[in-house]
Amino acid sequence: MDKTTSIMGACLLAASLSGCSSKDFTPSEGMGASEIFAQACTACHGEGGNGKFGFLLKIAGSQTPLQEMADKIRNGGYVMPAFPNISEADALAIAGFLKGQ
């Protein structure tokens, strides 16, 4: 893939994700992992993490270690926003939910 195609792809992905959940999301007290995921994550990752755009952004069943997933939830990634208002414990619970644990 050439540089122009890569840049165009990244721009398209960023534009498609622009409507995704806000980093300002704060879970209500007592919310479980599946409920937090439903409110904060499905806009990008689809129902149950199965990908909003087919395979794109599918995270359900990920082989990524729990702590690494929790860190990405809290700190963000390449195009994923950070969710600093989600506690470490809740981030780990969301990661476990996605891994089916």
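This passage walks through the fold, the core, two of the helices, a buried serine and a salt bridge in a predicted model.

Starting with the overall picture, the protein has 5 helices and 0 strands, so there is no sheet to worry about, given that strands are DSSP runs of E with at least two residues. Read from the N terminus, the elements go α-α-α-α-α. Of the 101 residues, 32% count as buried. The accessible surface comes to about 6100 Å², and carbon and sulfur atoms hold 57% of that. As for contacts, take those between residues at least 6 apart in sequence: 48% of them join residues at least 24 apart.

Next comes the core. The largest nonpolar core has 16 residues, and the members that touch the most others are Phe25, Ile36, Ile73, Phe83, Ile86 and Ile94. Two or more residues of this core come from each of H2, helix H4 (66–75) and H5. One of those well-connected members, Ile73, is worth a look for its partners. Leaving out residues up to four places away in sequence, Ile73 touches Met80, Pro81, Ala82, Phe83, Ile86, Ala91, Ile94 and Ala95.

Now for the helices, beginning with H2, which spans residues 33–40. Its buried residues are Ala33, Ile36, Phe37 and Ala40. Around the helix axis they cover an arc of only 100 degrees, which puts them on the same side of H2. The general geometry is familiar: an α-helix has 3.6 residues a turn, so residues three or four places apart point the same way. The cover over the buried residues of H2 includes helix H3 (42–45) and helix H5 (88–98).

H4 can be read in the same manner. Here the buried residues are Met69, Ala70 and Ile73. Looking down the axis of H4, these fall within an arc of 100 degrees, so they line one face of the helix. H5 is among the elements covering them. Just after H4, Gly76 takes a positive phi of about 80 degrees.

A polar residue also turns up among the buried ones. Ser62 sits in the loop between H3 and H4. Its relative accessibility is 17%, and because the cut-off for buried is under 20%, Ser62 counts as buried. The side chain of Ser62 makes a polar contact of 2.9 Å with the side chain of Thr64. Setting aside residues up to four places away in sequence, Ser62 touches Met69, Leu98 and Lys99. Of these, Met69 is itself one of the buried residues of H4.

Finally, there are the charged groups. The salt-bridge count comes to 1. The pair is Glu88 with Arg74, and the closest N and O atoms lie 3.6 Å apart. This pair links distant parts of the chain, with Glu88 in helix H5 and Arg74 in helix H4, 14 residues apart. Are the two partners buried, partly exposed or exposed? Glu88, at 31% relative accessibility, counts as partly exposed. Arg74, at 25%, counts as partly exposed as well. Both values fit that class because it takes in whatever lies between the buried limit of 20% and the exposed limit of 50%.

Note on methods: Residues are numbered from 1 along each chain as its sequence is written. This is a predicted model: local features need pLDDT of at least 70, side-chain atom pairs count only at pLDDT 80 or more; totals for chains, interfaces and linings use all residues. Side-chain values use heavy atoms; hydrogens and water are left out. Buried means under 20% relative accessible area, exposed over 50%, partly exposed in between (1.4 Å probe, protein chains only). Helices (H or I, at least four residues) and strands (E, at least two) are DSSP runs, numbered from the N terminus. The arc is that of the directions from the helix axis to the C-beta atoms. Contact means heavy atoms within 4.5 Å. A nonpolar core is a set of buried Ala, Val, Leu, Ile, Met, Phe, Trp, Tyr and Cys residues joined through side-chain atoms within 4.5 Å. Accessible areas come from the Shrake-Rupley method with a 1.4 Å probe; for residues, only the protein chains shown count as cover. A polar contact is a pair of N or O atoms within 3.5 Å; within protein, one must be able to donate a hydrogen and the other to accept it, and residues adjacent in sequence count only if both atoms are side-chain atoms. A salt bridge is a side-chain nitrogen of Lys or Arg within 4 Å of a carboxyl oxygen of Asp or Glu.
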